[in-house]
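I opened this notebook to record what I looked up in one structure, item by item. Each entry gives the query and what it returned.

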Amino acid sequence: MAAGIVASRRLRDLLTRRLTGSNYPGLSISLRLTGSSAQEEASGVALGEAPDHSYESLRVTSAQKHVLHVQLNRPNKRNAMNKVFWREMVECFNKISRDADCRAVVISGAGKMFTAGIDLMDMASDILQPKGDDVARISWYLRDIITRYQETFNVIERCPKPVIAAVHGGCIGGGVDLVTACDIRYCAQDAFFQVKEVDVGLAADVGTLQRLPKVIGNQSLVNELAFTARKMMADEALGSGLVSRVFPDKEVMLDAALALAAEISSKSPVAVQSTKVNLLYSRDHSVAESLNYVASWNMSMLQTQDLVKSVQATTENKELKTVTFSKL
């Protein structure tokens with residue numbers, strides 16, 4: 001306890017001098033944190049297939065230290081979202097949320113496109129032949145299905161680790177629901193986005209109509225896309241703010257997405273995950289409510305040793321990737 005108090009005071013003094021521009025030649029300050037070596041655990045995650053992630057519709061790999069790569073993995077079916085997919089995505093991201101080794105996630109599609117959206121052939125029995133012997137019971141059954149499918153993408157948004165969507169080829173129907181639940185979106189030049197639901201006789205009901213207006217901030221454009229089911233090509237997606245970068249092809253895009261994930265994972269997991277939580281809260285609340293929320297949040301998070309380590313690295317002109325942060 002005493003050593004921690006001394007370290008905090010030294011850090012405060014160091015910050016004060018840096019902020020005021022004062023210099024004290026010959027003064028050497030070293031922050032030594034009691035027990036830090038025991039807290040700084042090695043990741044121990046081998047690259048390759050991720051342990052505890054075995055699925056039919058997904059492939060999860062440890063792309064780099066602290067980075068997981070989730071692939072939609074039905075390339076022969078254009079990664080269409082079948083019944084298994086809707087269940088496995090929930091299982092996958094619930095595990096990722098609890099995975100202390102994971103600090104960032106990339107989602108991509110195997111094969112020629114990101115996803116063709118809902119697998120109508122596989123899902124037809126649930127949608128076109130719902131269970132129940134009267135309107136009320138059929139309605140309750142359908143509502144249960146819809147809310148369960150909504151959870152498939154809600155878990156991505158709730159996952160405290162930043163999730164980067166890397167889109168190539170078509171991102172159709174449910175694909176737009178998926179990527180709008182992600183935190184960052186990259187795409188290849190051949191990508192296109194299509195709110196396809198009106199063409200199959202329904203309103204999108206698992207996230208697009210709720211998230212897309214907040215993502216691109218242009219209600220007129222959202223309405224146009226949703227009413228017509230027209231394709232939004234990569235350059236328009238960039239101009240509208242749906243994606244933040246466009247790349248020549250899938251390979252270059254994936255390299256960039258994984259590099260971004262690696263950069264994010266080098267930062268304090270307390271800082272990054274706290275940032276995601278507060279960004280999502282502020283999206284759905286007023287400025288005053290959000291300021292109050294982050295004040296309550298940071299009254300505990302500011303006590304993290306990650307702050308001491310990060311500031312020490314900065315003052316010593318070290319890169320953050322050289323700092324070992326404890327698991328979260």
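The entries below run from the whole chain to single elements and residues.

**Entry 1. Overall composition.** I noted at the outset that this is a predicted model. I counted the secondary structure and found 13 helices and 10 strands. I then looked up burial: of the 328 residues of the protein, 45% count as buried. For contacts with a separation of 6 or more, I found that residues 24 or more positions apart account for 68%.

**Entry 2. Strand S4.** How many residues of strand S4 (residues 104-109) are buried? I found six of the six buried, so S4 is largely enclosed by the rest of the structure. I recalled that side chains in a regular strand alternate between the two faces of the sheet. I therefore sorted S4 by direction, since this alternation is expected of a regular strand. Ala 104, Val 106 and Ser 108 point one way, while Val 105, Ile 107 and Gly 109 point the other way. Both sets are buried.

**Entry 3. Partners of S4.** I looked up the pairing next. Strand S3 (residues 67-72) pairs with S4 in the parallel sense, over six bridges. Within this pair, Gln 71 stands opposite Ser 108. I traced the connection as well: the chain leaves S3, passes through helix H3 (residues 83-98) and arrives at S4, a β-α-β crossover that is right-handed. Strand S5 (residues 163-167) also pairs with S4 in the parallel sense, here over three bridges. In that pair I found Val 106 opposite Ile 164 of S5.

**Entry 4. The loop before S4.** I placed Ala 100 in the loop between H3 and S4. Is Ala 100 buried, exposed or partly exposed? I read 25% relative accessibility for Ala 100, so this residue counts as partly exposed. Leaving out residues up to four places away in sequence, I found that Ala 100 touches Lys 161, Lys 327 and Leu 328. I also checked Ala 100 against Pro 269: they are 169 residues apart in sequence, yet 9.4 Å apart in space, C-alpha to C-alpha.

**Entry 5. Cysteines.** I searched for disulfides and found zero. Cys 102 is in no disulfide, and the nearest cysteine sulfur, that of Cys 159, is 6.5 Å away. Cys 102 has 1% relative accessibility and therefore counts as buried. Why does Cys 171 form no bond with the closest cysteine? I found its sulfur 9.1 Å from that of Cys 182, which is too far for a bond. Cys 171 counts as buried too, because its relative accessibility is 0%.

**Entry 6. Helix H7.** I listed the buried residues of helix H7 (residues 208-216) and obtained Thr 208, Arg 211, Leu 212, Pro 213 and Ile 216. I kept in mind that an α-helix has 3.6 residues a turn, so residues three or four places apart point the same way. Which helices do the buried residues of H7 pack against? I found helix H5 (135-158), helix H6 (174-180), helix H8 (219-228) and helix H9 (234-240). Just after H7, I noted that Gly 217 takes a positive phi of about 65°.

**Entry 7. Cavities.** I searched the whole structure and found two cavities of 30 Å³ or more. The largest has a volume of about 50 Å³. I recorded its lining as Val 176, Phe 193, Gln 194, Val 195, Leu 212, Leu 225, Met 232 and Leu 242. Leu 212 in this lining is also among the buried residues of H7.

Notes: Residues are numbered from 1 along each chain as its sequence is written. This is a predicted model: local features need pLDDT of at least 70, side-chain atom pairs count only at pLDDT 80 or more; totals for chains, interfaces and linings use all residues. Side-chain values use heavy atoms; hydrogens and water are left out. Buried means under 20% relative accessible area, exposed over 50%, partly exposed in between (1.4 Å probe, protein chains only). Helices (H or I, at least four residues) and strands (E, at least two) are DSSP runs, numbered from the N terminus. Contact means heavy atoms within 4.5 Å. Two strands pair if DSSP finds at least two bridges between them. A crossover is right-handed if, with the strands pointing away from the viewer, the path from the first strand over the helix to the second runs clockwise. A disulfide is a pair of cysteine sulfur atoms within 2.5 Å. On a 1 Å grid over the protein atoms alone, a cavity is a set of points where a 1.4 Å probe fits but cannot get out, and a pocket is an open set with protein on both sides within 12 Å along at least five of seven lines; lining residues have an atom within 4 Å of a point. Grid points are joined across faces, edges and corners, and a volume is the space filled by probe spheres set on the points.
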